[in-house]
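Here is a quick tour of charged pairs and pockets. Have the viewer open and follow along.

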Amino acid sequence: MCTINENDQTPVRRFLDQSGVVWRFGHKPVYDKVNAAYFEGKKCNHAPNSLEKLVEDAMKTWEMEGRHKVDTRQWQSIDQERFQIRVNKGSVITAADVSTLGNYNTLMATCPLYDSSIPNQQSHETFERVFGEGFAFEVTEVMRGPPHVVFTFRHFGKWTGRYSAESAAPTGEWVEFHACAFANVDDDLRLQEVDFFYDPNPMMAKIMGISTPIKIDGQVSVGKRD
């Protein structure tokens, strides 16, 4: 369960000051906005140097490198020889896939309400518009520690922009989804194999303005647009 600690720390994304990095946008990213969203909307305050804090920072570091470092050989958050991820027991996703296709397109490819064929940059611009104050990440519980880490997390942000021109108008409310992950890591908490399990469809339905049941590929899903 979440524990409260008044001596909470700002999220640590390691390797931001690594020399010689090929940054996707020509410079290292600034996380002031998403950090502010994190502090405003988080439900856990993990003690400094706790396992929960270390796992959370390791995942934030990987997300940063996947989004902003073009050359996967410069990713220090992963085991270069073993890294791979899967979502909901889907296809294996490599570091090259994440770098080329983008975090959203690879991690939400199994979501029927999301079009993972859009370009990498467009996918990020879409969610940066929807969550204009930042889309934050928080580890909620660590059930087992290294080397076979099992943890739960949530992604959350204020809904401030339209998903598309035809989608529902934003309400400014907090929107989130919850997930579980099984991660093999090395002694430095570098990611090796990670399996994610989550259902982002309710979140997508919310920001798309979908509310009544329909069938997608023969399966009942969350609905059609009002």
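## A salt-bridge network

Lys-43, Glu-138, Arg-154 and Glu-176 are tied together in a network of salt bridges. Keep in mind that this is a predicted model. Across the structure, the count of salt bridges comes to 14.

## Two pairs that reach across the chain

Start with Lys-158 and Glu-40, whose side chains form a salt bridge with 2.9 Å from N to O. This pair joins distant parts of the chain: Lys-158 sits in strand β3 (residues 148–158) and Glu-40 in helix α1 (residues 32–41), with their positions 118 residues apart. As for solvent, Glu-40 is partly exposed, at a relative accessible area of 48%.

Next up is the salt bridge between the side chains of Arg-67 and Glu-128, at 3.7 Å from N to O. Here too the partners come from distant parts of the chain, 61 residues apart, with Arg-67 in helix α2 and Glu-128 in helix α5 (residues 120–130). Are the two ends buried or partly exposed? Arg-67 is buried, with 5% relative accessible area, whereas Glu-128 is partly exposed at 46%.

## A pair within helix α2

Asp-57 and Lys-53 also form a salt bridge, and their closest N and O atoms are 2.6 Å apart. Both belong to helix α2 (residues 51–68), and because they are 4 residues apart there, about one helical turn separates them.

What about exposure for this pair? Asp-57 has a relative accessibility of 9%, so it counts as buried. Lys-53 comes in at 2%, which means that Lys-53 is buried as well. The cut-off behind both calls is a relative accessible area under 20%.

## The largest pocket

How much volume does the largest pocket have? The value is about 970 Å³. Its lining is made up of 34 residues, and those nearest the centre are Tyr-31, Glu-63, Tyr-104, His-124 and Phe-135. Several elements give two or more residues each to this lining: α1, α2, α4 (103–107), α5, β2 (136–144), β3 and β5 (191–198).

Which element supplies the largest share of that lining? That would be α2, with 6 residues. If you're thinking about chemistry, the lining of the largest pocket splits into 20 nonpolar, 7 polar and 7 charged residues.

## The second largest pocket

The second largest pocket holds about 200 Å³ of space. Its lining has 15 residues, and Arg-14, Leu-54, Asp-57, Ala-58 and Leu-189 are the ones nearest its centre. Asp-57 should look familiar: it is the salt-bridge partner of Lys-53.

By class, the lining of the second largest pocket divides into 5 nonpolar, 5 polar and 5 charged residues.

## A buried serine in a loop

One last stop is Ser-167, in the loop between β3 and β4 (174–185). Is Ser-167 buried or exposed? With a relative accessibility of 5%, Ser-167 counts as buried.

The side chain of Ser-167 has a polar partner in the backbone: one of its polar atoms lies 3.1 Å from the backbone nitrogen of Tyr-163.

Terms used
Residues are numbered from 1 along each chain as its sequence is written. This is a predicted model: local features need pLDDT of at least 70, side-chain atom pairs count only at pLDDT 80 or more; totals for chains, interfaces and linings use all residues. Side-chain values use heavy atoms; hydrogens and water are left out. A salt bridge is a side-chain nitrogen of Lys or Arg within 4 Å of a carboxyl oxygen of Asp or Glu. Buried means under 20% relative accessible area, exposed over 50%, partly exposed in between (1.4 Å probe, protein chains only). On a 1 Å grid over the protein atoms alone, a cavity is a set of points where a 1.4 Å probe fits but cannot get out, and a pocket is an open set with protein on both sides within 12 Å along at least five of seven lines; lining residues have an atom within 4 Å of a point. Grid points are joined across faces, edges and corners, and a volume is the space filled by probe spheres set on the points. Ala, Val, Leu, Ile, Met, Phe, Trp, Tyr, Cys and Pro count as nonpolar, Asp, Glu, Lys and Arg as charged, and the others, Gly among them, as polar. A polar contact is a pair of N or O atoms within 3.5 Å; within protein, one must be able to donate a hydrogen and the other to accept it, and residues adjacent in sequence count only if both atoms are side-chain atoms.
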